[in-house]
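Dear colleague,

I am handing over the structure below for your review. A short account of what was found in it follows.

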Amino acid sequence: MSSHPLRGACAIAGLGVTPQGKVYGSNAVGFGVDAVRLALEDAGLRREDLDGLLVNPGLSWGDMGMGSFQLQQALGLRDLRLTATMNLGGATASAMIAHAAQAIAAGTCTTVACVFSDAPLKPPSPKGGNGGGTGAAYRFGRGLEAAYGFFGVNAMYALVAKRHMHRYGTTQDHLGLVAVAQRLWANRNPAAQLHDKPLTLDDYHRSRWIAEPFHLFDCCLVSNGGLAVIVTSAERARTLRKPPVYVWGMGQGHLGGDPADTLTSGAVLAKQTAFPMARVDVADFDVVELYDCYTFTVLVTLEDYGFCPKGEGGRFVADRLRGPGEGLPVNTGGGQLSSFYMWGMTPVSEAVIQLRGEGGARQVPKHDVALVSGNGGVLSTHSTLVLSRLPS
Amino acid sequence: MSAAAKPVPEVTPELASFFEAASRHQLVVQRCTACGALRFPARAACNHCMSREAEWAPVEGRGTVFSVAVMHQANHPGFEAELPYAVVVVELDCGVRMISNVIGCGARDVTIGMPVSVAWEKRSDEVTLPVWKPRQ
C-alpha cells in the first residue's frame with residue numbers, strides 16, 4: 001500500500017502552555033504572545049525561524065478582526081509566508097495544524113505557529129462576587145429564541161444530550177462517569193485547574209444543575225490563557241530540542257442538519273480521511289484525547305469514531321473509562337472538564353505531552369499513537385488528527 | 001416592585017410576517033414557493049432546493065415535545081422568578097421544529113413525546129409569542 005504523501009511529513013516540534021484558569025493581568029493577545037514564546041523555547045527555535053502564523057481567536061478577542069495580523073504585530077514577526085485567522089470553534093486547533101502541515105508539505109512555508117488564546121474571565125471585583133463565570137463569559141442570546149429563555153451552548157447541548165438519552169437509553173450515571181474518570185486523570189496533572197479536587201459519582205449527582213441533563217461537572221471549565229504549537233517538517237523537527245510528534249493523519253467532517261436529530265458528530269466523516277491516511281484503525285490508539293465541551297461530547301465522539309456501536313456510548317464509558325491504570329486512556333490530563341479550556345488546543349497539548357513521554361504521574365505506559373478530536377458549535381464542526389511519536 | 005420583564009424579541013424584517021400572524025393567534029412558518037418544503041426559523045434559502053423564494057404559510061398548532069432542557073440559570077432577570085424553567089423543541093405535526101416553552105405544567109413534568117398544542121403569550125403591544133400547553 002502506497003503511503004499518503006502527508007503521512008509523517010510534518011511534526012509538532014514545540015508546545016507552549018501559559019498558566020491557565022483564573023489568570024489575570026493580560027488580555028488575549030498577551031496570552032498569545034506568551035504561548036508562542038514558550039513554544040519557541042520548547043522547540044529551541046528563534047522568532048526568526050517562524051514563517052507562518054495561524055490564530056484561533058477566543059471569544060474575548062471580540063471584533064478585533066484579522067487576529068493573526070494583530071498577533072504578528074505584537075510578536076514582531078516579519079516576512080511571514082502563511083497566515084490566517086481561523087474559526088471552526090473547537091475544531092479549529094486540529095484544523096490549524098492540518099492547514100500548517102499541508103502548507104509545509106506543499107513547500108509554501110516551513111515553520112508555523114498555531115495559536116489559541118482567550119481571556120473571558122475578569123478578576124474578582126472589590127465588592128465581592130466572582131467577576132463573571134461560565135454564564136457571564138459565554139452568554140449570548142439569539143433573538144426569538146432568547147425570548148423563551150434559550151441562551152447559550154449549555155441549553156443547546158442539553159437538548160441534544162436529552163435526545164440521546166431518550167433514543168439510546170444513555171443515563172445520568174453514564175454522563176457522570178465521564179466526569180469522574182477525567183477528574184481521576186486531573187488529580188495526577190499538577191497543571192489541571194481542578195487537580196486538588198477529588199470527584200466521586202455521588203459528588204457529581206449532588207452538584208448543582210446547570211441545564212438538565214447537565215450538572216455543573218458535565219460542563220467544561222472557562223479559562224484565561226494561551227496555547228501554541230509549532231509545526232514544521234519532520235526532517236527539521238528531528239534536529240530540534242524535543243522529540244517530534246509526527247502528524248500521521250488529518251481529516252474534517254461538518255455534517256450540517258439538526259444535531260438533536262442526527263445525534264452524530266463529524267467524526268464519522270473525518271475518520272474516513274484521517275484513519276486511512278495514518279494507516280490506523282480505531283483499535284490502534286494508545287491515547288485518546290477528545291474534545292470535551294461537555295461529558296456528552298466525549299460519549300458521542302467515542303461512538304462516532306467506532307470505539308463502540310452507535311448508541312452504545314453510555315455503556316462503553318461505564319465499562320472502559322476508568323481513569324489512570326485501566327480501560328481506555330481518554331483525556332489523560334483531565335480534559336477541558338477538569339484541566340483547562342483552550343478549545344481544541346487542550347486535547348492537542350495533552351497528546352503531545354503523552355507522546356513525548358512527559359506525562360509524569362499520568363503518563364500512559366504505551367504511548368505510540370494518539371487520536372485527537374476537535375468539535376465546534378453543537379456537533380457542528382469536527383476535526384481529527386492522528387499523531388505519533390514514531391516517524392512511520 | 002414587580003418581577004423583571006422577559007426579553008421582547010425584535011421584530012426584524014424577516015420575522016415581521018411571523019409576528020403579524022402571531023398577533024392574530026395564527027401560527028405560520030416559511031414555505032418554499034419552489035418545492036413546498038416548510039422551514040423555521042426563517043432562513044435565507046430552502047435547505048431542500050436552495051430556492052430563495054419563500055412565503056409564510058399557516059400551520060396547525062399541534063405537535064409533540066422533541067426535546068427538553070430544564071434551565072437552572074436565568075441568564076436574563078426576566079426568567080429568575082421561574083427557575084427552573086423548561087426550554088423545549090416542539091416538533092409540529094407538519095414536521096417543522098421550533099424552540100419554545102411549555103406552560104401549564106412544571107418544568108420537570110415536560111417529557112419527550114408529550115403532545116402539545118399552541119397557546120399565545122402577549123409579551124408586548126407588538127409581540128405575541130407562540131408557546132405550548134399539554135394536549136389531552
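I begin with one pair of residues that links the two chains of this predicted model. Ala211(A) has Met71(B), in β4(B), as its bridge partner. This pair belongs to an antiparallel arrangement in which β5(A) and strand β4 (residues 62-71) of chain B are joined by two bridges. As a general point, the strands of a sheet pair through backbone hydrogen bonds, in either a parallel or an antiparallel manner.

The contact between the chains may be described next. On one side, 25 residues of chain A take part, and they are in contact with 27 residues of chain B. Within the side of chain A that touches chain B, the elements giving two or more residues are α5 (152-168) and β5 (209-212) of chain A. The largest share comes from α5(A), with seven residues. By character, the residues on this side of chain A comprise 13 nonpolar, six polar and six charged.

Chain B also holds a sheet of its own strands. It is an open sheet of three strands in chain B, ordered β2-β1-β3, with antiparallel pairing. Its edge strands are β2 (38-39) and β3 (54-58) of chain B, each of which pairs on one side only. Strand β1 (residues 28-32) of chain B is joined to β2(B) by two bridges, and these two strands run antiparallel. Opposite Gln30(B) stands Arg39(B), which lies in β2(B).

With kind regards

Note on methods. Residues are numbered from 1 along each chain as its sequence is written. Chains are lettered from A and ligands numbered from 1 in the order in which they are written. This is a predicted model: local features need pLDDT of at least 70, side-chain atom pairs count only at pLDDT 80 or more; totals for chains, interfaces and linings use all residues. Two strands pair if DSSP finds at least two bridges between them. Helices (H or I, at least four residues) and strands (E, at least two) are DSSP runs, numbered from the N terminus. Two residues are in contact if their C-beta atoms, placed from the backbone, lie within 7 Å. Ala, Val, Leu, Ile, Met, Phe, Trp, Tyr, Cys and Pro count as nonpolar, Asp, Glu, Lys and Arg as charged, and the others, Gly among them, as polar.
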